[in-house]
Amino acid sequence: MAPGHNGLPHGHPTERSLSLWRKADAVVFDVDGTITTEYSLDLLAEFMGVREQVKALSKRVQEGTLSLEAATAQKLSYIHCSPHDIKRFLQSHPPASRLAPGVESLIKTLQARGVAVYLVGDGFRELTLPLAAHLGIPKDRVFANRMNWQWDDETGEATKLVGFDLKEPTAHREGKPKAIARIRQKHPYHTVAFVGKDMYDLHAVQSSRGADVFIGYGGVMPRDDVARAAEWYVTDHRELAQALARYRVAIIGSGAWACAASRMVTQNTAEYDMADEFLEEVTMWVREEEFKGRSLAQTMNETHENTKYFPGYTLGRNLQAVTSLEQVVSDADLLIFCLPHQYMLGVCQQLMGKVKPGAAAISLIKGMRVQPEGPQLVSQMVRRYLNIDCCVLMGANIATDIAKEELSEAVIGYQNLEHAERFKKLFERPYFRITLLPDPIGAEMCGTLKNIVALGAGMVDGLGMGPNTKATIIRQGLSEMRDLSKALYPGVHDQTFLEGCGVGDLVATCAGGRNRLVACAWTKAQLEGKPMSFEDLEAEILKGQKLQGTLTSDEVQGIIKLRAWETRFPLFTTINRIINGHLPPVFITNIQAGCRVEVEHHEDHDELPLSPAPPPLAKRGNTSSGPAPAPPPLPPLRHARAAQQTVLAAALASAHVDTAATQAPEAAQAQGQGPESGQGVGGGVGAAPGLGTGSPGHGPKPAPSEARV
Ligand SMILES: NC(=O)c1ccc[n+]([C@@H]2O[C@H](COP(=O)([O-])OP(=O)(O)OC[C@H]3O[C@@H](n4cnc5c(N)ncnc54)[C@H](O)[C@@H]3O)[C@@H](O)[C@H]2O)c1
Ligand SMILES: O=P(O)(O)OC[C@H](O)CO
């Protein structure tokens, strides 16, 4: 055969046709000779003993000496069958025996990807519908001619074939473009591809522009003229299936959650799936570092285990650890960001202009960046710096439990539904359920803010208090999460806070998360008189994994302080004051007092942002905002025991809080003021007004949405 369109060899699509085929949301197939190995009417004619007469008519149509309409009418008069004959014919020629090789699998692949498949042919519904049923194509997606029948007046049954319905568009030469136009009128498909066998099909597409691309199929009835004229000519349907886009997946980050999430992703990309959308190999960016004298990435590639950040869990064999960030993203279509949030700005800056155009991202990161003009969520950062869409995946997703394949749920918050659906396919497993949520900001705010509440829950545990107190903190936390999210982003949906990313994640984190764990240890250390910094405890307990809550608390407090919202967000404010050493942990049970305590500015670097331009986040020791070397760490107040006591004394004096309240619960109990004194959360802490006991002792009047505790 001669070379195809633009001199390309056969089977080589033009760039345009390949791209349109890959993004088609509807594919229309011609029927006879394209999805079948023969003209079905010819087979019926053979069955009825008139094959040669009918074939001769088809030849005349191809030669242009007889019109399609006249030939069809003549063929039917030769065939002259009854409905019973058709039934027998269909029994002896079941659909599977009539289909062209590879077409059934191609159609199933397209359908699994959500592509709408249509059949448009100039054969007959009576013979085409059984094929459609076999292929799972609904009747209303089939365009074909209808036979006319003579009816027996007495039995009411069709008896004899008497021609065909000329009102069907497919009865005429220009019928196919008309059918495609009808499809487009009814459904707003973005891209329609047409697969057909002859020049009529090609002209039908070119003349009407009904379809965006024509692909010639010559596997059954090869045609040189079509091969020459078509932008893409294939002789096997498998070529079309193989050419469908497959997405290359990259994970940016290699910590605990990144590794647990990678297991789901690699399980899905490795598993056989009709849609076959993803390339099996997944790459993971592993920051260059040595662990136990060896390159961590190298160890991961050899042992399929992240021995530093996620020891004890096997990762997919199809996961490739790569240390070059640029290399990982350069050819990736789907980017999964999963890093401690403080490193994301540096990563985004490094990746500017290096991401594949058209790539889509999802962030699993829980945290935000605070700029003078306001907060910037990670998904917003990705959109802004990398100029690509970014969904978020948020939920009650403690990494180790998911690695054990215990049931868990998450939401994918999205702006672009198509991307969200693709990511859902990439992550969803029998043990990991995903709901799509059109509120990405709400979902991400939930994931970010719950880390602060978890610190409060850890303090409750560290103080040795029980579930009632923790439930109070969780309830108040959820309320402040919602109020702050809505105050900053009024479009956020209330319902989001009742989803897996809201109350679900909050409960899980407050029960078993790292923020809770470290805050509990920090509180105990305080009570025992052997205080330790959060950073030291983080290093000791989490062994390289990163705490997000303390940094997020500082960032969020910057937002609160700038707007003088302390009394609107008493839990967030009190937690921030506790972790920064301005209040003792026991104030977690007295947030109305905690948020009103006047905080003395001890040292410049100790204070929370006051001015419209919050100080750089890097000020907080090793919590720099990018992978670039952090500036020399300044010890925050929460790390300095002596300074803490000084400020605490001042704070208590200014709040007129009874110092007994600042002691450990045991000490407070001895004075009848501890949680077991009957005042519990409501009034257990000193002279300051207690949780749930009404108006505060001093300070501004609470806003209407103010906390009840
Ligand atoms: N761990 C969980 O159970 C869990 C669950 C859900 C969401 N999350 C969120 O996912 C995000 C990532 O958490 P994780 O558990 O995967 O990470 P992690 O806490 O285990 O932190 C380790 C990661 O931080 C990276 N890292 C350390 N120093 C770095 C630096 N200077 N620059 C760049 N990267 C550096 C390491 O290379 C490693 O990838 C966080 O926002 C977290 O809140 C965590
Ligand atoms: O362990 P934490 O506190 O960082 O929380 C982990 C996850 O966010 C829980 O969904």
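**N580 and the surroundings of ligand 1**

In the predicted model, N580 sits in the loop that runs between α26 (570-579) and α27 (591-594). The relative accessibility of N580 is 0%. The residue therefore counts as buried, since the cut-off for that class is under 20%. The side chain of N580 has a polar partner: one of its polar atoms lies 2.9 Å from the backbone oxygen of N576.

The shell around ligand 1 was examined next. It comprises 23 residues, and those that come nearest are A256, N397, A399, K546 and Q548. By class, 13 residues of this shell are nonpolar, 5 are polar and 5 are charged. Helix α13 (residues 256-270) supplies the largest share, 3 residues. Both domain 2 (246-438) and domain 3 (447-595) contribute to the shell, so ligand 1 lies between them.

Polar contacts to oxygen atoms of ligand 1 involve both backbone and side-chain atoms of the protein. A backbone N or O atom of K546 is 2.7 Å from a ligand 1 oxygen. For G255, a polar backbone atom lies 3.1 Å from an oxygen of ligand 1. Q548 takes part through its side chain, where an N or O atom is 2.8 Å from an oxygen atom of ligand 1. Ligand 1 taken alone exposes 840 Å², of which the protein buries 93%.

How values were computed: Residues are numbered from 1 along each chain as its sequence is written. Chains are lettered from A and ligands numbered from 1 in the order in which they are written. This is a predicted model: local features need pLDDT of at least 70, side-chain atom pairs count only at pLDDT 80 or more; totals for chains, interfaces and linings use all residues. Side-chain values use heavy atoms; hydrogens and water are left out. A residue is near a molecule or strand if one of its heavy atoms lies within 4 Å of it. A polar contact is a pair of N or O atoms within 3.5 Å; within protein, one must be able to donate a hydrogen and the other to accept it, and residues adjacent in sequence count only if both atoms are side-chain atoms. Accessible areas come from the Shrake-Rupley method with a 1.4 Å probe; for residues, only the protein chains shown count as cover. Helices (H or I, at least four residues) and strands (E, at least two) are DSSP runs, numbered from the N terminus. Ala, Val, Leu, Ile, Met, Phe, Trp, Tyr, Cys and Pro count as nonpolar, Asp, Glu, Lys and Arg as charged, and the others, Gly among them, as polar. Domain bounds come from an automatic or database domain assignment. Buried means under 20% relative accessible area, exposed over 50%, partly exposed in between (1.4 Å probe, protein chains only).
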